[in-house]
Amino acid sequence: MAALIRSGRSVGGSRGSLSGEPRPRGSGGDWGSGETGAVGVPGVPRGGKGTYASRLSQLLGVPHVAMGDLVRDELASPAPLAKELAGIVNQGKLVPDEIIVNMLSEHLKNGEAKGESGFILDGFPRTIRQAEILEGVADIDLVINLKLREEALLMKCLGRRICRECGGNFNVASVDIKGGDGRPHIYMPSILPPEQCLSKLVIRRDDADEKVVKTRLRIYFDVTQPVEEFYRSRGKLLEFDLPGESPSLGESYWKH
């Protein structure tokens with residue numbers, strides 16, 4: 001069984017909820033049936049995709065493949081591609097789809113050679129073209145779309161802080177949004193730094209201006225909304241509204 005999980009914006013309406021017993025829309029396989037999963041997680045900033053990917057990795061017993069980590073690992077390697085990647089990244093450009101897919105394909109081939117029969121894909125696809133390319137690399141049977149309301153995403157983006165000394169990532173925003181109209185109550189506590197980092201926190205330049213953050217999120221949604229439709233039209237989309245960060249993901253959760 002293969003599946004893809006992506007995080008996105010919640011726009012209301014009836015859908016599943018991760019608080020209590022989930023009531024997902026759509027259909028998918030039984031993750032508790034013993035089948036091995038191949039799971040991917042692209043997603044919006046602060047959607048919690050990395051946390052869910054990590055927990056699903058443990059639940060399904062398959063490796064967690066973060067696209068960002070693949071790029072960083074390649075940059076640190078002596079491989080010829082590292083120099084080309086460094087030039088792209090240092091200019092602030094996006095790594096071309098062809099390079100990303102080749103890296104992913106090679107990684108999956110190496111995993112298969114080691115006996116791995118599944119994977120958790122984190123950070124891909126984010127565009128229709130990437131989704132189409134991915135279909136030629138892996139069989140995707142189920143897409144689990146983790147949704148978070150836009151106001152919560154905005155608050156968490158604006159609350160991001162980095163320690164200029166240790167490089168640690170923190171978030172000073174505490175989100176508490178009432179539920180309604182079929183949407184769950186959202187509670188996302190702040191992630192505060194240790195005392196030694198308090199005086200060293202800095203705001204990322206692209207998070208300092210609310211208008212800039214809103215524009216960035218709008219562009220992201222405009223680009224990724226068609227990806228949801230891509231998988232919905234194939235009967236592979238399963239959606240959940242998130243009540244906050246990091247709920248417990250037990251085996252029974254995936255049997256609904």
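Q: If helices (H or I, at least four residues) and strands (E, at least two) are taken as DSSP runs numbered from the N terminus, in which strand is N171 found?
A: This is a predicted model, in which local features need pLDDT (the predictor's confidence in each residue, from 0 to 100) of at least 70, side-chain atom pairs count only at pLDDT 80 or more, and totals for chains, interfaces and linings use all residues. Residues are numbered from 1 along each chain as its sequence is written, and side-chain values use heavy atoms, with hydrogens and water left out. The strand that holds N171 spans residues 169-171 and is β8.

Q: Does N171 count as buried or exposed?
A: Buried means under 20% relative accessible area, exposed over 50%, and partly exposed in between, with a 1.4 Å probe and protein chains only. Because the relative accessibility of N171 is 1%, this residue counts as buried.

Q: Which element of the chain has the lowest mean pLDDT?
A: The chain averages a pLDDT of 74, and 74% of the residues score at least 70. Over residues 11-37, however, pLDDT stays under 50. Where pLDDT is low, the predicted coordinates should not be read in detail. Strand β11 (residues 201-202) has the highest mean, 94, whereas the lowest, 40, belongs to strand β2 (residues 16-17).

Q: Which element supplies the largest share of the largest nonpolar core?
A: A nonpolar core is a set of buried Ala, Val, Leu, Ile, Met, Phe, Trp, Tyr and Cys residues joined through side-chain atoms within 4.5 Å, and the largest has 25 residues, with M67 and L104 among those with the most contacts inside it. At least two residues each come from α2, α3, α4, α5 and α7. The largest share, six residues, comes from α4.

Definitions and conventions:
Contact means heavy atoms within 4.5 Å.
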